[in-house]
Amino acid sequence: MTPSLDTVFAALADPTRRAILQMLLEDDMAVTDVAEPFEMSLAAISKHLGVLTNAGLITQEKRGRVKWCKLDPDALKGASVWMQGFGQFEPVNLDAFEAFLERELSLEQTGETKDNDHDDNQADDV
């Protein structure tokens, strides 16, 4: 069963979950490795991973004693198709989406505010 768009967008609404997705763009990761850069408990990270899993954005599997997380390659397909229905959005370019996530994460980590004039141009890339 495909998760609802509400579930997908709710999962993407949280900056920690977006950062996790960005990390998983590189490669599969063990849960403990996913948790490493965050200043929160392993239980809190596991809850975030559960939300991402329920939204169909990642899969988790046990390999031996270690639980691994993997980005679902078609994770954003439903959201992309929905946005294309408005006729004003291009298909999701995953490279541009990754760059967008990196910019957002960088802004959140530095506490900077976004300049709306520059964001309009960047939004066209995604």
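Two strands are said to pair if DSSP finds at least two bridges between them, and the legends below use the word in that sense for this predicted model.

**View 1. The open sheet of three strands.** The strands of this sheet follow the order β1-β3-β2, and their pairing is antiparallel. Strands β1 and β2 form the edges, since each of these two pairs on one side only. Strands of a sheet pair through backbone hydrogen bonds, in either a parallel or an antiparallel manner.

**View 2. Strand β2 beside strand β3, with the turn that links them.** Strand β2, made of residues 58-63, pairs with β3 over six bridges in the antiparallel sense. Among the bridge partners seen here, Thr59 is matched with Lys70 in β3, while Gln60 is matched with Cys69 in β3. The hairpin of β2 and β3 has two residues between its strands, and within this hairpin Gly64 takes a positive phi near 70 degrees.

**View 3. Strand β1 beside strand β3.** Strand β1 consists of residues 29-30 and strand β3 of residues 66-71, and the two run antiparallel, joined by two bridges. Ala30 can be found opposite Trp68, which belongs to β3.

**View 4. Two helices against the sheet.** Besides pairing with each other, the strands of the open sheet, ordered β1-β3-β2, are met by helices. Helix α2 packs on the sheet and touches β1, β2 and β3, with a direction that makes about 90 degrees with that of β3. Helix α4, which spans residues 42-54, also packs on the sheet, where α4 touches β2 and β3, and its direction makes about 120 degrees with that of β2.

**View 5. The crossing of helices α2 and α6.** Helix α2 covers residues 15-26 and helix α6 covers residues 94-110; their axes come within 10 Å and cross at roughly 135 degrees. Angles over 145 degrees would count as roughly antiparallel and those from 65 to 115 as roughly perpendicular, and α2 and α6 are therefore oblique to each other. The crossing that α2 makes with α6 is left-handed.

**View 6. The residues where α2 and α6 meet.** On the side of α2, the contact involves Pro15, Arg18, Ala19, Gln22, Leu25 and Glu26, and these meet Glu98, Leu101, Glu102, Leu105 and Glu108 of α6. Sorted by kind, the residues of this contact are five nonpolar, one polar and five charged.

Terms used:
Residues numbered from 1 in each chain as written. Predicted model: local features only at pLDDT ≥ 70, side-chain atom pairs only at ≥ 80, totals over all residues. Heavy atoms only, no water. Axes fitted to C-alpha atoms, helices over the stretch in contact; angles between N-to-C directions. Helix = DSSP H or I, 4+ residues; strand = E, 2+ residues; numbered from the N terminus. Parallel < 35°, antiparallel > 145°, perpendicular 65-115°, else oblique. Left-handed = near helix turned anticlockwise from the far one by under 90°. Contact = heavy atoms within 4.5 Å. Nonpolar A, V, L, I, M, F, W, Y, C, P; charged D, E, K, R; others polar.
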